[in-house]
Amino acid sequence: MRFTKKNKFLLILLSVLLGLTACGTPAGKDGDTEMIHVNNPQAPDDSQNPAGSQTSDDSQNPTASQNPDNSNESSSGNQPDPSVPELAVGEFALPESEALDFVHNLTLGWNLGNTLDAIDCTWLNDEMAYESAWSGQMTTKEHITAIKNAGFRSIRIPVSWHNHISDSADYTISQPWLDRVNEIVDYCIDQDMYVIINIHHDNSKEFMYPTSQDLDRSVRYVTAIWRQVSERFRDYDEHLIFESLNEPRLVGHPNEWWIDPDSADCKDAIQCINRMNQAFADTVRASGGNNKARYLMCPGYAASPEGALNDGFVLPKDSAGNNHRIIVSAHAYTPYNFALEYPGTSSWSSANKTDVNNMLGFMDNLYNKFTSQGIPVIIGEFGAREKNGNLSARVDFASFYVAAARARGMTCFWWDNNCFEGDGERFGLFDRASGQIRYPEISRAMVNYAK
C-alpha cells in the first residue's frame, strides 16, 4: 500500500511558500473552454459552459482571504503569499498498481491549447495555417523545451481532424496534417516527455455525435481516425498516450453540459459514448506494435467528473494482460464561479472551507470509484482564468488543486490557450511569442506540489 499524508503535504506546502518568496514577478501581466481566438475577429466566440465544471450551486461568492481586486499584483514586485490550508488534504491509501505508478510519473501536464485543435477557419486557404489561427503562433521545439524547463513533464496536444480529411467515405487524414502532428509529438518525445493526443473538436452530427441515430457514422469516424493515427505511431513507446475523445456531448442540447439522470437523451448519449470508447480501444489494440499495450484515456459524458461517475459509464473492455491500462479522462474547472465563469468571483482561498470543499468533492468521488481500486485518472484540463489581477488567488488555487489531486493518485494538466489580453478566457500561462512563462508563481507552485 502507498500512503499520502497530511503532515507530508503541509511540509511540502511550507517549503513551497518559502520558495515563492524568492521568485521574481513576471513582466506585465472557449461553451468550450478552449475556443479563444486572439488573432482573427471573424473567428467564432464559443462562450458556453465548460465540461467538468458542473458545480452550478457554487455561484455564491465565498469569503476569501485574498483581495479580489489585486490589480497591481503582477507588477508590484511583491509575491503572493497563499495561506496554509486549514482543511487537511487528507490521507489516502493507494493500492500497488503499475497503472497508478505510470500516471504518477507524468507528474504535471500542460495543454498546447488553441493550436492543432482549431476548427472551421473559413478565412484560411491553407490547412496548415490552422495551427496558428486561434493562438497566433506556430509551435516550435523551443516552446516545448521551455515548458520542460519550467518543470512540466507531460504535454497534452489536442488535435481536431475534420478539417483535414478527404471525405466522409473513408475519412482519410491529410498527409501534411498528420506529418505536422507527428512532428510536434516528436518535439516532446525527443525531450523524454509524455504526450497525449486525441480527437478534439470533431463533436458534430457530421462526424461523431452521441445519439443512437448518429452512432453508426460516429463509430466509423472514430474508427477511421484512430486506425490511421494508430498505424502512424504504433512503434512509439509508452511515453505516447492516446485519448479517445474530447468532451463528447449533445452539442446544442439543453443538457449539453449537465447530465439529467432522468433524461432519456442523456442515458442514450452515455451508452453511445461507451460504444465509441470501445471502438477506439478495439481499433488501437488491433493495430499491433506497442499499441497492443499502450495506455489509453477515455472520458465519460462531456469529460466531466459527473460523466465518469455516472452509473451508466463503463470503461472499454481491454485485451487480456492490460490490467488498468485504460485511464479515466476528466476535465474540471472547479469551482466554476472562480475558475471559468465571468465575471463570477475573482476570489478563492485554501483557508476557506467552502472554497476547498467545492474542489475536493469531485476529487474524493473519483478517488473512491477509481484510484482507490487501482484504476488511473488524469485530469486532462483544469485552470483558473485571470480576473482583475487575482494572481494570489490563482497561485493558491493551482497549488492546492495539484496537491489534492496528487494525494488522490491523479495527475493534472493546466489548460493554456495562449490568451493573456482582451475579453477572452485568459488561461494563458506560457507566452509563446516571447517564449516565457508569464506567471512563474503559478507554474512553480504547481511543479512543487506535483512532486
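**Figure 1. Phe 397 and its surroundings in this predicted model.** Leaving aside neighbours within four places in sequence, Phe 397 is in contact with Thr 334, Pro 335, Phe 338, Ala 339, Trp 348, Met 359, Phe 382, Gly 383 and Ala 384. Several rings come together in this view: ring pairs link Phe 338, Trp 348, Phe 362, Phe 382, Phe 397, Phe 400, Tyr 401 and Trp 414 into a cluster.

**Figure 2. The largest nonpolar core, with 112 residues.** Let us step back from one residue to the core as a whole. The members that touch the most other members are Ile 157, Trp 161, Phe 242, Phe 397, Tyr 401 and Met 446. Helix H11, which covers residues 391-407, gives the most to this core, contributing eleven residues. There is also a second, separate core of twelve residues, and Leu 106, Tyr 194, Ile 378 and Phe 413 are among them.

**Figure 3. Phe 207 and Tyr 221, one of the aromatic pairs.** The model holds 18 aromatic pairs. In this one, the ring centres of Phe 207 and Tyr 221 are 5.4 Å apart and the planes make an angle of 55°, so the pair counts as tilted, a class that runs from 30 to 60 degrees. Phe 207 belongs to the loop between strand E5 (194-198) and helix H6 (215-233), while Tyr 221 is in helix H6 itself; the two residues are 14 residues apart, and the pair links distant parts of the chain. Are these two residues buried or exposed? Phe 207 has a relative accessibility of 10% and therefore counts as buried. Tyr 221 is buried as well, because its relative accessible area is 0%.

**Figure 4. Tyr 333 and Phe 427, an edge-to-face pair.** Here the ring centres are 5.5 Å apart, with 65° between the planes. Which parts of the chain does this pair tie together? Tyr 333 lies in the loop between strand E8 (326-331) and helix H9 (336-339), and Phe 427 in the loop between strand E10 (411-414) and strand E11 (430-431), so the pair joins parts that are 94 residues apart in sequence. Both Tyr 333 and Phe 427 are buried.

**Figure 5. Two arginines over aromatic rings.** Look for Arg 294 over the face of Phe 242, at 5.1 Å from the ring centre. Phe 242 also appears among the core members named for touching the most other members. In the other example, the charged end of Arg 394 sits over the ring of Tyr 439, 4.9 Å from its centre.

**Figure 6. His 331 and its polar contact with Glu 247.** His 331 is found in strand E8. With a relative accessibility of 0%, this histidine counts as buried, because the limit for that class is under 20%. The side chains of His 331 and Glu 247 are joined by a polar contact of 2.7 Å.

**Figure 7. Cysteines, and Asp 216 beside Cys 272 in the same view.** How many disulfides does the model have? The count comes to zero. Cys 272 has a relative accessibility of 2% and so counts as buried. Cys 412, also with a relative accessible area of 2%, is buried. Asp 216 has its place in helix H6. Its relative accessible area is 58%, so Asp 216 is exposed. Asp 216 and Cys 272 are 56 residues apart in sequence, and their C-alpha atoms are 9.8 Å apart in space.

Conventions:
Residues are numbered from 1 along each chain as its sequence is written. This is a predicted model: local features need pLDDT of at least 70, side-chain atom pairs count only at pLDDT 80 or more; totals for chains, interfaces and linings use all residues. Side-chain values use heavy atoms; hydrogens and water are left out. A disulfide is a pair of cysteine sulfur atoms within 2.5 Å. Buried means under 20% relative accessible area, exposed over 50%, partly exposed in between (1.4 Å probe, protein chains only). Rings of Phe, Tyr and Trp (its six-membered ring) pair if their centres lie within 6.5 Å; planes under 30 degrees apart count as stacked, over 60 as edge-to-face and the rest as tilted. Helices (H or I, at least four residues) and strands (E, at least two) are DSSP runs, numbered from the N terminus. A charge sits over a ring if NZ of Lys or CZ of Arg is within 6 Å of the ring centre and within 35 degrees of the ring normal. A nonpolar core is a set of buried Ala, Val, Leu, Ile, Met, Phe, Trp, Tyr and Cys residues joined through side-chain atoms within 4.5 Å. Contact means heavy atoms within 4.5 Å. A polar contact is a pair of N or O atoms within 3.5 Å; within protein, one must be able to donate a hydrogen and the other to accept it, and residues adjacent in sequence count only if both atoms are side-chain atoms.
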